[in-house]
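User: I am in my first year and I would like a close look at one part of this structure. Please take the open sheet, and show me what pairs, packs and links around it.

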Amino acid sequence: MALLPIITAPDPRLKTVASRVDAVDDDIRRLMDDMLETMYAAPGVGLAAPQVGISKRVIVVDVARTGDAPEPMQMANPEIIEASSERSTVEEGCLSLPEHFAEVKRPERVRIRYLDRENEIRERDMDGFLATCIQHEMDHLDGILFVDHISGLKRGMIMRKLTKLKKQDVKAGA
Ligand code: NI
């Protein structure tokens, strides 16, 4: 397995719609494993392939609490097939927008269809933090960041700070 570099915003690769996976084969399984390792190392609770520069519809998630047994999930081509009309507001962050957080409102419960690690079609009902996290990661596959769900004013503020940070990094040769 290998750690992959995580892209931070602003970057056009984070705004691109990713392509569907034909089948979960050894290459996709390797990507899923590398993504999981990268996510744990960050550390984070979710990661989407576009965040490591791969424009494919692959996500990994683990929302197990610290100290509990890990609950890794690896999905290709995830789709929301049902969403509750009830919505919940959760404070979100993102490995591609380091150190920025905002409250985002999303459906509280969703039913997801996806291809698992063995290339089997699965469906799963999710609620709570897992539902939030999966929807956040699925947004990445369509080039959507959590800041796209908040006011333009707050988004502008966060993006200006990230742009400034990036320019400083370039100057410092990071
Ligand atoms: Ni994210």
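Analyst: What follows starts with the sheet, then turns to its helices, its charged pairs and a metal site.

Keep in mind that this is a predicted model.

Start with the strands. The open sheet has five of them, in the order S1-S2-S3-S6-S7. Their pairing is antiparallel. Strand S1 (46-48) and S7 form the edges, and each of these two pairs on one side only. From one strand to the next, the twist averages 40°. In general, the strands of a sheet pair through backbone hydrogen bonds, in a parallel or an antiparallel way.

Now pick one pairing. Strand S3, residues 73-83, runs antiparallel to S6, and five bridges join the two. Look for isoleucine 80, whose bridge partner in S6 is isoleucine 112.

Next come the helices. Helix H1 (residues 26-41) lies across S1, strand S2 (58-61) and S3. Its direction makes an angle of about 40° with S2. Helix H2 lies across S1, S2, S3, S6 and S7. H2 runs at about 155° to S2.

Now the charged side chains. The structure holds 14 salt bridges. Which residue forms a salt bridge with arginine 111? The partner is glutamate 123, with the closest N and O atoms 2.9 Å apart. Arginine 111 sits in strand S6 (residues 109-115) and glutamate 123 in strand S7 (residues 121-127), so the pair, 12 residues apart, links distant parts of the chain. Arginine 111 has a relative accessibility of 22%, so it counts as partly exposed. Glutamate 123 is partly exposed too, at 37%.

Glutamate 123 has another partner. It forms a salt bridge with arginine 113, and here the closest N and O atoms are 2.9 Å apart. This pair again links S7 with S6, with the two positions 10 residues apart in the numbering. Arginine 113 is partly exposed, at 32% relative accessibility. Put these together and a network appears: salt bridges link Arg111, Arg113, Glu123 and Asp125.

One further salt bridge deserves a look. The side chains of arginine 122 and aspartate 116 meet at 2.8 Å, N to O. Is each partner buried or exposed, or in between? Arginine 122 is partly exposed, with a relative accessible area of 40%. Aspartate 116 has a relative accessible area of 12%, so it is buried, the cut-off being under 20%.

Finally, return to H2, now for the metal. The nickel ion has Cys94 (SG), His136 (NE2) and His140 (NE2) as its protein donors. They lie 2.1 to 2.2 Å from the ion. Along the chain, the donors follow the spacing C-x41-H-x3-H. Why does the pair of cysteine 94 and histidine 140 tie together separate parts of the sequence? Cysteine 94 lies in the loop between strand S4 (87-92) and strand S5 (102-107), while histidine 140 lies in helix H2 (residues 128-141), so the parts they join are 46 residues apart in sequence. Cysteine 94 is buried, with a relative accessible area of 11%. Histidine 140 is buried as well, at 1% relative accessibility.

To retrace the route, begin at S3 and S6 with their five bridges. Move on to the salt-bridge network that includes Arg111 and Glu123. Then follow H2 across the strands, and end at the nickel ion with its donor His140.

Technical notes: Residues are numbered from 1 along each chain as its sequence is written. This is a predicted model: local features need pLDDT of at least 70, side-chain atom pairs count only at pLDDT 80 or more; totals for chains, interfaces and linings use all residues. Side-chain values use heavy atoms; hydrogens and water are left out. A salt bridge is a side-chain nitrogen of Lys or Arg within 4 Å of a carboxyl oxygen of Asp or Glu. Helices (H or I, at least four residues) and strands (E, at least two) are DSSP runs, numbered from the N terminus. Buried means under 20% relative accessible area, exposed over 50%, partly exposed in between (1.4 Å probe, protein chains only). Donors are N, O and S atoms within 2.8 Å of the metal (3.2 Å for Na, K and Ca); water is not among the atoms, so sites may look incomplete. Two strands pair if DSSP finds at least two bridges between them. Axes are lines fitted to C-alpha atoms, for helices over the stretch in contact, and angles run from 0 to 180 degrees between N-to-C directions. Contact means heavy atoms within 4.5 Å.
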